[in-house]
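Work through the following exercises with the sequence and the coordinates side by side. Each task is followed by a solution that goes step by step.

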Amino acid sequence: MTPPAAPLRILMLAPEPFFEPRGTPFSEFHRIKALVEDGHHVDLVTYPIGRDVDLPNLCIIRTWRPPLVSKVPIGPSAVKVLLDALLTLTILRVALLGGRRYDAIHSHEEMGVLGVWLGRRLGIPHLYDMHSSLPQQLGNFRFSRSKALRWGFEKAEGYMVRGSQVVITICQELQDTVHEMGVGDRAVLIENVMGGDVDPTPGPGRDAVRAAWGLTPTQPVVLYTGTFEQYQGLDLLLEASVRLKALVPDLAVLVVGGDAAQVSELAARAESAGAPLVFTGQRPPSDVPHFVDACDALVSPRISGTNTPLKIYSYLRSGRPIVATNLRTHTQVLTADSAVLVEPTPDALAAGLAEVLQDRQAAARLAASAHQLADARYSRQSYLSRTRQAYALLLESMRPRPRTVPLAGAAPSGGREPR
C-alpha cells in the first residue's frame, strides 16, 4: 500500500452544501476523511448551507448566507451562481489575506477554475477533484441548450484539467475524458467506493423497519435510494412497478429520498397509476443500511448520465441482488455476473426485478458475486492507497527537476557539432 505523504496543510474549495447526504458532498466527506486520517490538515471553504462534521484536523470556513437562500438544488442553477460568487470572495480572503501558508490547493467541481489560478498565484500545486463533466451537466439537468454556455463550460473544464498538477477522476468515463485531453499521466482514478457509507449504528431489525412503513415480514420489497432528479429514472421505476405488480402481486417498492415537494408529486402519480411505491422521504445516512437489510432487491433505474452512482459501491457489499439499467453509468462497474442489467424500459426493468424476486438461488449467486467484486476492486484499502498516490504525484510535480548538463564534446540538442 502506498505510504502517506508528509503532513500538509491543504486549502480545499468545495462549491457544495457541505455536509448534505447526496453525491458530491459524500465524495468530499470521504476524501477529507482519508486525508486527515493520514495526518494532513484541511481548511475547507464551502457554502453557508449544510451541517458541520466532526473530523480531526478539519476546519470548515463558510461564506456569508444570502437572505432567502436555504437550499441548493442539485446541478447548475441561479442559486449556485450567486453562492459561487460569494464563495470566490471568501476563498480569496482566506488564501491571500488570512495569514496562513498552504502547501497545496484541492478544488472540487467548478472551483477548479479559481484553484488553478490561485495555485499559480501562490506558487503551490493544485489538485482538481473531477466529479463530473461540467458541459455534460447542462444536458443532464436540462439547465440550458445555449451553445455559447456549453462552449464556456468546455473551456473552463479544459483550463481546470490542463492547468492542474493532478486530476482525480471518480469513474472510468471521466478518466477516459482526461486521457483524451492529453493529461492522462496526471490523472488518478479513485472511485467513490465508500459511497454513502457512514459509521454503522445498531438498527431495529428487518421486521421492525418493515413494520414502520406498513410492510409485512414476508412480502417482496424492492429498495430505491437516492435523489429524485430526472436522470435518476423515477418515472421509469414507477411505470415498471405497475407492470411488476402483475407478476409479483404482493410487491412493495420502498423509495428512500426526495424532498417534501418531490415526494408529494410522485406519490400522487403513483396512487393514480396504482403503483406499489412506499415513500419515506429523506432519511439520515445512518438509516440507509437498515432499509437495505429490510429489502429483497436493490434497483438503480438511471436513464442518462455517465458517472457511476455512489450507491452502487455500497450496493455491491449489501448481500442483496442488484437490478440496474444497462447504461455506461452502471456498466463501467457492474457486470452481468454482479447484477441484472436491463434496457431502460418499463417492461425490461419489471422483468429484471421479477427475475431476482422469484429465483432466490440466482439472486443469492448474484449478490455473492457482487460482494467478491467489491472486495477485489472497490475496497477501502484501495481507496486510501489511490488517494495517497494522488498526493505523492502532487508533491512530485513541485520538486525541482535536475538540469541536464551535456557531456564534454557531445553535440547540442539541435544535432549540430559546435564550431
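**Exercise 1. Describe how strand β11 is joined to strand β12, and place both in their sheet.**

Solution. Strand β11 (residues 297–300) and strand β12 (residues 322–325) run parallel and are joined by three bridges, where helices (H or I, at least four residues) and strands (E, at least two) are DSSP runs numbered from the N terminus, and two strands pair if DSSP finds at least two bridges between them. Within this pair, V299 stands opposite V323 in β12. The sheet itself is open and has six strands in the order β10-β9-β8-β11-β12-β13, with parallel pairing. Its edge strands are β10 (277–281) and β13 (340–342), each of which pairs on one side only. From one strand to the next the twist averages 25°, with axes taken as lines fitted to C-alpha atoms (for helices over the stretch in contact) and angles running from 0 to 180 degrees between N-to-C directions. Helix α13 packs on this sheet and touches β8 (221–225), β11, β12 and β13, its direction making about 165° with that of β13; contact here means heavy atoms within 4.5 Å.

Before going on, note that this is a predicted model, in which local features need pLDDT of at least 70 and side-chain atom pairs count only at pLDDT 80 or more, while totals for chains, interfaces and linings use all residues. Residues are numbered from 1 along each chain as its sequence is written, and side-chain values use heavy atoms, with hydrogens and water left out.

**Exercise 2. Give the strand order of the open sheet of seven strands, and say which strands stand at its edges.**

Solution. The order is β3-β2-β1-β4-β5-β6-β7, and the pairing is parallel. At the edges stand β3 (58–62) and β7 (187–189), each with a single partner strand, so one side of each is left without a neighbour in the sheet. The twist averages 20° from one strand to the next. For a pair inside this order, take β4 (residues 104–108) and β5 (residues 126–130), which pair in the parallel sense over four bridges; I105 stands opposite H126 in β5. Finally, helix α6 (residues 172–180) lies across β5, β6 (166–169) and β7, and runs at about 170° to β7.

**Exercise 3. Characterise the packing of helix α8 against helix α13 by angle, distance, handedness and residue class.**

Solution. Two packed helices are described by the angle between their axes and the distance between the axes. The axes of α8 (residues 234–247) and α13 (residues 346–358) come within 8 Å and cross at roughly 50°. That makes α8 oblique to α13, because angles under 35 degrees count as roughly parallel, over 145 as roughly antiparallel, 65 to 115 as roughly perpendicular and the rest as oblique. The crossing is right-handed, that is, the near helix is turned clockwise from the far one by less than a right angle, anticlockwise being left-handed. On the α8 side the residues that meet α13 include L236, L237, A240 and L244, and their counterparts in α13 include L349, A350, L353 and L357. By class, this contact has 11 nonpolar, one polar and three charged residues, with Ala, Val, Leu, Ile, Met, Phe, Trp, Tyr, Cys and Pro counted as nonpolar, Asp, Glu, Lys and Arg as charged, and the others, Gly among them, as polar.

**Exercise 4. At what angle do α1 and helix α15 pack, and which residues make the contact?**

Solution. The angle between α1 and α15 (residues 380–397) is about 75°, with the axes 10 Å apart. That makes α1 roughly perpendicular to α15. The contact is made by S27, H30, R31, K33, A34, L35 and E37 of α1 together with R380, Y383, L384, T387 and Y391 of α15. These residues divide into five nonpolar, three polar and four charged.

**Exercise 5. Locate the cis peptide bond and the residue that has a positive phi although it is not a glycine.**

Solution. Most residues other than glycine have a negative phi, and most peptide bonds are trans. The bond from F18 to F19 is cis, with omega near 0°, and F19 lies in the loop between β1 (9–14) and α1 (23–37). L68 has a positive phi of about 70° and is found in the loop between β3 and α2.
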